[in-house]
Amino acid sequence: MTAVSSPTTIPSTATNTMIEVSALTKAFSGGTLAVGGLDLTFEAGGRHAVIGPNGAGKTTLLNLISGELPPTSGRIRYNGRDVTRITRATRSRLGIARTFQQPTVWSTLSVADNIALAAWPHSDVRGKWRRRRYRRLSEACESYLETAGITALADRPAGALAHGERRMLDIGMALAADPRVLLLDEPAAGLTDQGVERLLEAMRALPREVTVVVVEHDFAFVSAIADTVTVLQDGTLLATGTPAEIAADAAVRAAYLGEAAAAASEFGSDLDVDDSDFDTDFGSVPGSDTGTAKEAV
Amino acid sequence: MLNLSSLSAGYDGGTVLHGLDLEIPEGSVHAVVGHNGAGKTTLIHSVSGLVPTSSGQVVLAGADVTRLPAHRRARSGVGLVPQGRRVFPGLTVQEHLMLAFGRRTRRERATAQWTPENVKALLPRLAERAGHRGRQLSGGEQQMLAIARALLGQPRLLLLDEPTEGLAPLIVQDIANLIRTLPDRGLTILVAAPRPAFAAEVAERVTILVAGRIADEFSAKELHDQPDLAAEAMGHATGERLAS
Amino acid sequence: MSTPTSSATSNTSPASSPASTDAATPAATASGIPAVLASRRVRIGVPSAALAVLLLIAPSTFDGYGISLLSKALALGVLAVSVSVLAGFAGLPTMGQAAPFLVGAYTAGVLGTHGHTIGAVQLLCGTLTGAGFAAATGLVAVRTRGVAFLMTTLALGELTVTAAGEWRSLTGGTDGLYGIPPIQPLPGLATLSSDRDVYWFVLISTVVIVAIAWRVLRSPVGKLLLASRDHEARLRSAGHPVTRYQWIAYTAAGALAGFGGVLMCTVNAYVSPDDGSFSNSALVLLAVVLGGATSPLGALLGAGLIVATRDWLAGPFPGHGPLLLGLMFIVAVYALPEGVAGIRFRTPAGTRFRMPKRRGDPA
C-alpha cells in the first residue's frame, strides 16, 4: 500500500470534514466482510471518487453512509454528528442524497411525480399533500428534469423508461433533494461519451458547498472531476490521493486499472474541455423530431 | 448468420426501430453503438424474440424466424445476455449453471458443446465462486455468470446487451478478451454498447444507431484510425429522446 | 363486464398507454378496437353511467328483497373501497378489514338500541370508532409486510369477532343485537321505514363517502401511497416517513370500513359477529381484485357482482353460492387479463413494474 499524502489523511480535527467513517465494518451472513475496519474522511465541498475492483465494498460503503445498511461495528459521522443509529429517511432529511447502482424509481408514477416526490421532504412548502401546493412543488422541480435531460419524458410512467433514462431520472431525483452530500453510485455506467460529458457538466454546475462522493469505474471521468480518489480493495483501503497519483500507483494498476485505463489518464483526460464548448441550455433539443411519438430502447 | 431486412419493431403505441437492414456473417463479432433510447436494446430484443416485429424480417442462418416466439428462437440457437445481468440472488453459481444446462435431454447433454465443466474452465473466477449465491457475487462475476448461463443454452448467435456496464476497467478487459475468443468456438456475436471505443476493441464491424435508424457502419480499423468518426455519426446528441 | 377503471388508474395501467396520455389517441389500439372506445372518457364514463342508471331506476324496478340486496351491496362496496386503499394503493393486501367494519356496525347498533337514531350521528360515530380501532391495531399491523401483514390482519379480524362474541353486555354476544330501531337520516327528516327509503339513504351516503375517498386518492396523498407500494425502500431513502404514511392509510381505511359497517347495520337492523367474519374480509378482497386494485368504482362494482352472484344468482341454486363465486372469479380473471389492473403484491425488493405479455422488457 502506497502512502500518499493528501488532504484526506489529515486527522479530522479539521472542521471542514463532512463525512467521517471510523473503524467501519460490515459483515454479511456467511462471514463475508464487505467492509473491514475502514477509516475515511471526506472533506466538505470536495469531489471525492471511490474506486476499486468489483466486490471491493464501494457500494456497501455508500449504503452504510446513506443508511440503507446498518454497520456491524464502527461509526459514521456526518458534519460532526454521529448518525450511525439514525434511519435513512432521517439522514436524507439531514441532507444526504444518493443514486443507486440499479436505479429504482416509482414505476407507476410519472417521471415528473418521481422528481417531485424526491424533492418533497426537502422543500419548505407546507401542505404539499394539497393539489395546488403540490403543483407548485412540481413546477419548481422542472429544472431538475432539464438537468437530467428528461424533460421530454415528464409525463411518462417511470416504469416505461429505458435503462439509461431511468439512470438519469435517478440522478434527477437525487439532485431534487437539494442535498449537502451527494452520493453517486456509478452514474456514468452505460452512458455514451457525450452522455458522460453532459453528466460532468451537471456535476460542475453543482454548488461548491455540496460534497460529492462518486463511486465510478470510468477513470477518465474520475480524473476529470475528482479532487481526491480513494481506492478500496476487499473492503479495506488500498490507496488514496489525487487522480494523477492514483493512476501512477503500481498497486492500483495491478489490482484494478490495468494498463490501458491508466495510460489514457496519463495523457490527460479528453473530457477536460472548455465549458463554452457546450450548449448548457438543456431544454433545447436540436433535431430531435424524428416523427415518432414514442421511442424506447 | 443473422440477416435483418427492413426491420421495424417497438412496443405498444410506438415504433422504436425503423426499417433496419443488418447483416452479420457467421463467426464474426458485430457491435451496435448508440445513445440511450437509440434502440440498441430494442434491436437485441427483436432478434431474441422478446419484442414483436411490426414489419420486416429476422433471418437466422437462412431460416425466417420473424414469427417465432422467444423460447423457440432460443432453441434454434439464439443466446441472450441481458442488460443488467439478471442473476438470481438466492441461487448459487452452480445452481445457475445446472438450471441453464439441465433442461436438455440426456442425449443432448452428452453431445453439448458447452457444459458446466468447460464453462467453468473458460471462466476460472466463476469456478472459484461455485458455491456463492448470486447476491454475493461482484458485478463482474455476475456478468460472467450471465454469459456462462447463455453459453449453456448452446447458442450459435450470442447477443450481449451492454455487457461491461458498471464493471471495473480490469474486468472490462477480461470480458473484451473473452468475447474476442468466442468466434473460435463457433459463435457469432452481436454486442450492444454505448462507447465506440469498446465496440472497436471487441468487434470487427460497428454499426452506429441513431433514433432507431442505422446512421453508419464502420470497420474496427476505421474507428481505430479515426476515433471521431463514431462521435460524428452519433451527432451531438441529436435524435435521442433525452434532451440535449 | 366492461373494465371499470377510474382515472386514478391512468397512471397505473400504462399497458393501455394510448389512452392513458391525454394526447391524440391513435386510430386503433393494438387489439384493433377503435380508439374512441378505448379512450379514458369512454372507459370510465360508460360503466359509470350504466351504474348510475341502474342505481337510480332500481327502487322502481326491483322488489323489496332485491332492493335490500342492492343496499347490502353498497355497504359492502364501501368496505371494498377501504380494502382497495390498503391493497391497491398502499400495496398492503389485507384480510382483516371486516374488523373495523364490525366495529362501525356495532357502534350504530349500540347507539340505536340506546335511543340515538339520527343516521348522520351514527355514521359519524361509526367512522370515528372504526378509525380509532384501526389506529390502535395499526400500530402493530403496520410493522409487518406481505404475508406477515396478511396474517396479522387476519388474526386481528378473528380476535375482534371473538371479542364481539364474548362481550355480551355490549354486543349481545353471539346472538347479536337485534331489534335496532330505524333511523332518521337527519334531525327533522322522517324515519326510514321501508326498504326503498333505506336504499336511498345508503346510496347517498355511499356516493358521498366514495367521492371523498376518490378525491383524496387522486390527490398527492394517493401518489405517496402508490410510491410506497412501488418501492418502499426508495421512498424512505428519499426522506419520507413511510411507516407513518402507512399507519395513516390504515386508519383512514378503518374509518371507511366503519362507515360501511354503519350502513350495513342500517340495512339489516341487526348486527352480529358474523358481519366481521373472515369470509367478508376475503370476499371484499376478491371484489377489489375483480374490479381493479386502484379503482374505487371498480371496488364497488366488484362488491355488487359478488353480492349478485352469491345472493341473487344463487337463488335457484341454494347452498351453491360459494361455488358460483369461485367460478365467477376464475372466469373474470381469465376473461379480463388486461382489464383487471391487478393487485401488485410487495416483494422484498419492491414490486416489479408489470407490463402486458406482448411487450419486451427494457427494464
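These exercises work through two sheets of chain B in a predicted model.

**Exercise 1. The four-strand sheet**

Task: Give the strand order of the open four-strand sheet in chain B, and explain why one side of β2 and of β5 is left without a neighbour.

Solution:
- Start with the order. Across the sheet, the strands of chain B run β2-β1-β4-β5, and the pairing is antiparallel.
- Now look at the edges. β2 (14-24) and β5 (63-64) of chain B each have a single partner strand, so one side of each lacks a neighbour in the sheet.
- Add the helix. α1 of chain B, residues 40-48, packs on this sheet and touches β1, β2 and β4 of chain B. Its direction makes about 115° with that of β1(B).

**Exercise 2. One antiparallel pair**

Task: State how many bridges join β1 and β4 of chain B, and find the bridge partner of B:A9 in β4(B).

Solution:
- Locate the strands. In chain B, β1 covers residues 2-11 and β4 covers residues 53-60.
- Count the bridges. Six link the two strands, in the antiparallel sense.
- Pick out the partner. B:A9 bridges to B:T53.

**Exercise 3. The six-strand sheet**

Task: Name the edge strands of the open six-strand sheet in chain B, then describe how β7 and β8 pair.

Solution:
- Write the order: β6-β7-β8-β3-β9-β10 of chain B, with mixed pairing.
- Read off the ends. β6 (78-81) and β10 (213-219) of chain B are the edge strands, each paired on one side only.
- Note the twist. From one strand to the next it averages 20°.
- Turn to the pair. β7 (residues 157-161) and β8 (residues 188-193) of chain B run parallel over five bridges.
- Finish with a residue. Opposite B:L160 stands B:V191 in β8(B).

Conventions. Residues numbered from 1 in each chain as written. Chains lettered and ligands numbered in written order. Predicted model: local features only at pLDDT ≥ 70, side-chain atom pairs only at ≥ 80, totals over all residues. Pairing = 2+ DSSP bridges. Contact = placed C-beta atoms within 7 Å. Axes fitted to C-alpha atoms, helices over the stretch in contact; angles between N-to-C directions.
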